[in-house]
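Here are a few exercises to work through with the model open beside you. Try each task before reading its solution.

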Amino acid sequence: MTKLSTVAVLGAGPAGLMAAWELNKAGYKVVLIEAENQVGGMSATLKFKGNHGDYRFDYGGHRFITRNPELLQFVEDLMGDELLHSLRKSVIRFQGRTYQYPLALGDLLKNAPTGLLLGAASDLLFKLPFNQPVQDRDNASFAEWIESRFGPTLYRNFFEGYTAKLWGIDPTQLSADWASQRISLLDLKDVAQRLLPQRSDTPRTYARKYRYPKLGFGRIFEKLADHLVENGVELLLNHPVQGLRTEGKQLKAIHCGPKGAIKEIAVDQVIATLPLPMMADFIQIPHQLRYRSLRFFNMPMLTENISDNTWQYLSDPNIMATRLQEPRRRSPYMAPTGQTSLMMEIPCFKGDNLWSMDNAQLQPQVMADLRSLGVNTDASSGEYFSSFSEHAYPLMQLGYQQERHRVIEQLNDYQNLIMTGRQGTFRYIFTDTAMEMGQLAARSLIDKQDRRGEIFDFRNEPTVIETQSVA
Ligand SMILES: Cc1cc2nc3c(=O)[nH]c(=O)nc-3n(C[C@H](O)[C@H](O)[C@H](O)COP(=O)(O)OP(=O)(O)OC[C@H]3O[C@@H](n4cnc5c(N)ncnc54)[C@H](O)[C@@H]3O)c2cc1C
């Protein structure tokens with residue numbers, strides 16, 4: 001392949017944009033094909049013109065953390081003084097009480113009902129010391145993983161209901177994979193130790209500091225895209241990929257564009273950040289892979305602050321949302337001066353009742369939930385709208401790993417195709433990892449080395465990812 005080959009990068013989210021960046025820098029001709037009318041994917045920011053000014057909403061509030069100092073420097077250089085340093089403060093709301101997140105013993109002792117405390121103490125003394133924590137994250141369930149570390153009492157109170165609501169499946173059917181990378185505490189002993197003064201060599205379990213652009217997370221990707229277009233990358237917005245033309249085990253062309261105006265783009269190489277199941281469908285590989293979706297219910301509020309929390313995790317199963325967020329907590333520029341806004345993150349499956357319901361039908365339920373959380377709903381401006389992430393979470397059902405590997409192996413038969421990013425590898429990863437994966441995909445083309453195996457399991461260590469953030 002010569003440097004003048006056309007590389008089609010499918011999807012202009014963080015992974016696709018970074019792949020295009022590397023290829024463009026190395027002199028390749030790049031066409032970046034995106035379904036939506038803006039770049040950024042799930043890391044984009046929406047603008048809302050309200051009756052009282054302009055508001056901005058992420059697709060679920062994001063923050064930039066990374067363990068890669070070069071990537072942090074890259075984002076800092078790109079954003080200049082648009083990048084704020086923020087601190088995260090989160091709480092768990094459960095049965096009318098508010099707990100610190102992550103759980104800490106001092107706070108539990110102060111806030112938890114006696115029954116819960118006695119149960120947790122008895123688990124700590126009489127159950128956990130006699131059971132080994134489950135280690136086999138490929139085959140164990142989320143429920144087994146958590147119970148073996150935190151005991152049945154904390155599992156039932158803090159994890160079970162929240163997890164079932166978030167994933168839409170019973171936690172006994174969810175893979176331990178998710179817990180092993182995403183629960184920012186190690187075990188109940190760790191919860192207890194957080195009561196003690198921290199020594200300087202104590203490993204961090206949780207990243208509090210993060211970077212956030214003044215005008216929303218999506219600004220990082222808008223700026224990246226502007227730079228790419230200025231430097232000759234062809235960016236096709238509103239061009240959903242609808243199919244692929246293959247010859248043997250080669251991809252020959254991409255069919256994209258709105259129905260009725262689909263064009264064919266001939267390609268030499270393809271870097272795809274589209275959902276793995278979608279690519280499998282295009283090539284007719286049967287699979288059982290599914291996504292959990294999110295509906296965000298967004299509302300301007302005619303008051304300055306709702307609370308000082310970045311996130312409120314909503315554990316009660318009878319509240320629809322899993323998190324309540326106030327975008328202004330990330331950056332004061334997300335709402336007009338003197339005002340704020342709210343976002344409820346409601347998990348659902350595409351096409352189910354919660355996904356399909358009219359905003360007007362959903363609004364009274366959201367208001368009732370907010371009132372039960374003590375939010376003064378009279379401050380609402382009366383405006384509201386929903387935004388949607390269809391591919392929010394790869395559904396990590398027990399056994400999904402084998403299915404994922406099988407599909408990946410079949411796609412890897414296509415020598416001129418590299419799948420990458422969160423969607424392309426069907427992984428629950430943060431933006432920084434998606435960006436690194438995009439770079440890795442591009443570099444494997446530039447260096448002419450097949451790194452697809454490395455990309456699929458990139459940063460897949462069984463550690464709490466947040467612990468090593470340098471941001
Ligand atoms: C609720 C929530 C909160 C999160 N919070 C954080 C956070 O605080 N910090 C953090 O670092 N990460 C966070 N993440 C993760 C972050 O959103 C993702 O890791 C990141 O966006 C993945 O980038 P990607 O490019 O791999 O995929 P995506 O962002 O999904 O981009 C894929 C792109 O492909 C496009 N596409 C899809 N189908 C087609 C098609 N047929 N044709 C053309 N284009 C198509 C999409 O429109 C999209 O632009 C969060 C995720 C969620 C769901």
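**Exercise 1: Phe-426 and other positive phi values**

Phe-426 counts as buried because 27 other C-beta atoms lie within 10 Å. The cut-offs: buried takes 20 or more other C-beta atoms within 10 Å of a residue's own, exposed takes 12 or fewer, partly exposed is in between, and C-beta atoms are placed from the backbone. Before going on, note that this is a predicted model: local features need pLDDT of at least 70, side-chain atom pairs count only at pLDDT 80 or more, and totals for chains, interfaces and linings use all residues. Residues are numbered from 1 along each chain as its sequence is written.

Task: find where Phe-426 lies, then set its phi beside that of Gln-284.

Solution.
- Step 1: Phe-426 lies in the loop between α13 (421-424) and α14. Helices (H or I, at least four residues) and strands (E, at least two) are DSSP runs, numbered from the N terminus.
- Step 2: its phi is positive, near 55°, though Phe-426 is not a glycine. Most residues other than glycine have a negative phi.
- Step 3: Gln-284, not a glycine either, has a positive phi of about 60°. You'll find Gln-284 in the loop between α9 (276-282) and β14.
- Step 4: Gln-284 is exposed, because it has 8 C-beta neighbours inside 10 Å, whereas Phe-426 is buried.

**Exercise 2: Checking a helix**

Task: work out whether the length of helix α14 (residues 431-446) agrees or disagrees with its number of residues, then say how many of its residues are buried.

Solution.
- Step 1: the expected span is 1.5 Å times one less than the number of residues.
- Step 2: for the 16 residues of α14 that gives 22 Å, and the end C-alpha atoms are 23 Å apart, so the two agree.
- Step 3: α14 is mostly covered, with 13 of its 16 residues buried.
- Step 4: Lys-448 follows α14 and has a positive phi, near 55°.

**Exercise 3: Two hairpins sharing a strand**

Task: trace the pairing from β10 to β11 and on from β11 to β12.

Solution.
- Step 1: β10 (residues 241-247) and β11 (residues 250-256) run antiparallel, joined by 6 bridges. Two strands pair if DSSP finds at least two bridges between them.
- Step 2: for a landmark, put Leu-244 opposite Ile-254 in β11.
- Step 3: this hairpin has 2 residues between the strands, and Gly-248 takes a positive phi near 60° there.
- Step 4: β11 also pairs with β12 (residues 263-266), antiparallel over 4 bridges. Here His-255 stands opposite Glu-264.
- Step 5: the β11-β12 hairpin has 6 residues between the strands, and Gly-257 has a positive phi near 125°.

**Exercise 4: Two open sheets**

Task: give the strand order of the 7-strand sheet and of the 5-strand sheet, and find their edges.

Solution.
- Step 1: the 7 strands run β7-β6-β15-β16-β17-β14-β18 in an open sheet with mixed pairing.
- Step 2: β7 (97-101) and β18 (385-394) each have a single partner strand, so one side of each has no neighbour in the sheet. Neighbouring strands here are turned by 25° against each other on average, direction ignored. For angles, axes are lines fitted to C-alpha atoms, for helices over the stretch in contact, and angles run from 0 to 180 degrees between N-to-C directions.
- Step 3: inside this sheet, β6 (residues 90-94) and β15 (residues 311-314) are parallel over 4 bridges, with Val-91 opposite Gln-312.
- Step 4: helix α5 (residues 142-167) lies across β6, β14 (291-301), β15 and β17 (340-348), at about 95° to β6. Contact takes two C-beta atoms, placed from the backbone, within 7 Å.
- Step 5: the 5 strands of the other open sheet go β9-β2-β1-β13-β19, with parallel pairing. Its edges are β9 (234-236) and β19 (417-419), each with a single partner strand, and the average turn between neighbours is 15°, direction ignored.
- Step 6: within it, β1 (residues 6-10) and β2 (residues 29-33) pair parallel over 5 bridges, and Val-7 stands opposite Val-30.
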